[in-house]
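This report introduces a single protein chain to a reader who has not met it before. It begins with the surface and the overall build, and then turns to the sheet and to individual residues.

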Amino acid sequence: MRALSGDPTAAALSTDRLVVLEVAGQDDYETLRPDVLLAFHELCLVRDGGEWFMGQLDDDGSVICWGSYGSELAEAIRGL
């Protein structure tokens, strides 16, 4: 993960936090239930249902995701 991303500080984080997905055209967020959460500075990759979502880690520890980056971790990391 660190080698592929080029981020020596990349780390796995606890999934015990609020993780939501912004959905275009909707006022409400969709709640995600990730089984993996990887942090790359303020950006995160979140895996939910076998799909990787890109998001931002907020100061309160929650994550707001904005899009799917597919089911392959390597492809999602390249999208960082």
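## Surface and overall build

The chain exposes about 4,800 Å², and carbon and sulfur atoms supply 46% of that area. The model is a predicted one, and the values below should be read with that in mind. Of the 80 residues of the chain, 32% count as buried. The charged side chains comprise 5 positive and 15 negative ones, and the centres of these two sets lie 10 Å apart.

In secondary structure, the chain comes to two helices and seven strands, and from the N terminus on these elements run α-β-β-β-β-β-β-β-α. The radius of gyration of the chain is 12 Å, close to the 12 Å that the globule rule gives for 80 residues, so the chain is as compact as a globular protein of that length. Taken along the principal axes, the box filled by the C-alpha atoms is roughly 35 × 25 × 20 Å. Among contacts between residues at least 6 apart in sequence, 37% join residues at least 24 apart.

## The sheet

The seven strands form an open sheet with mixed pairing, in the order S1-S4-S5-S6-S7-S2-S3. Its edge strands are S1 (11-12) and S3 (30-31), each of which pairs on one side only. As a general point, strands of a sheet pair through backbone hydrogen bonds, either parallel or antiparallel. The table sets out three of the pairings in this sheet, with the number of bridges in each.

| Strands | Sense | Bridges |
|---|---|---|
| S2 (residues 19-21) and S7 (residues 63-68) | parallel | three bridges |
| S4 (residues 36-40) and S5 (residues 43-48) | antiparallel | five bridges |
| S5 and S6 (residues 51-57) | antiparallel | six bridges |

Individual residues can be matched across these pairings. In the parallel pair, Val19 has Val63 in S7 as its bridge partner. Leu38 stands opposite Leu45 in S5, while Cys44 has Gly55 in S6 as its bridge partner.

## The two hairpins

S4 and S5 form a hairpin with two residues between the strands, and here His41 takes a positive phi near 55°. S5 and S6 also form a hairpin with two residues between them, and in that turn Gly49 has a positive phi of about 60°. Most residues other than glycine have a negative phi. His41, whose phi is near 55°, is a residue other than glycine with a positive value.

Is His41, in the loop between S4 and S5, buried or exposed? Its relative accessible area is 54%, and because exposed means over 50%, His41 counts as exposed.

## A residue of the N-terminal helix

Leu4 lies in helix H1 (residues 2-5). With a relative accessible area of 43%, Leu4 is partly exposed, because this value falls between the 20% under which a residue is buried and the 50% over which it is exposed. Not counting residues up to four places away in sequence, Leu4 touches Ala74, Ile77 and Arg78. As for distance, Leu4 and Glu42 are 38 residues apart in sequence, and their C-alpha atoms are 17 Å apart in space.

Technical notes
Residues are numbered from 1 along each chain as its sequence is written. This is a predicted model: local features need pLDDT of at least 70, side-chain atom pairs count only at pLDDT 80 or more; totals for chains, interfaces and linings use all residues. Side-chain values use heavy atoms; hydrogens and water are left out. Two strands pair if DSSP finds at least two bridges between them. Helices (H or I, at least four residues) and strands (E, at least two) are DSSP runs, numbered from the N terminus. The radius of gyration is taken over C-alpha atoms; the globule rule is 2.2 Å times the number of residues to the power 0.38. Buried means under 20% relative accessible area, exposed over 50%, partly exposed in between (1.4 Å probe, protein chains only). Contact means heavy atoms within 4.5 Å. Accessible areas come from the Shrake-Rupley method with a 1.4 Å probe; for residues, only the protein chains shown count as cover. Lys and Arg count as positive and Asp and Glu as negative; His and the chain ends are not counted. The place of a charge is taken as NZ of Lys, CZ of Arg, CG of Asp or CD of Glu.
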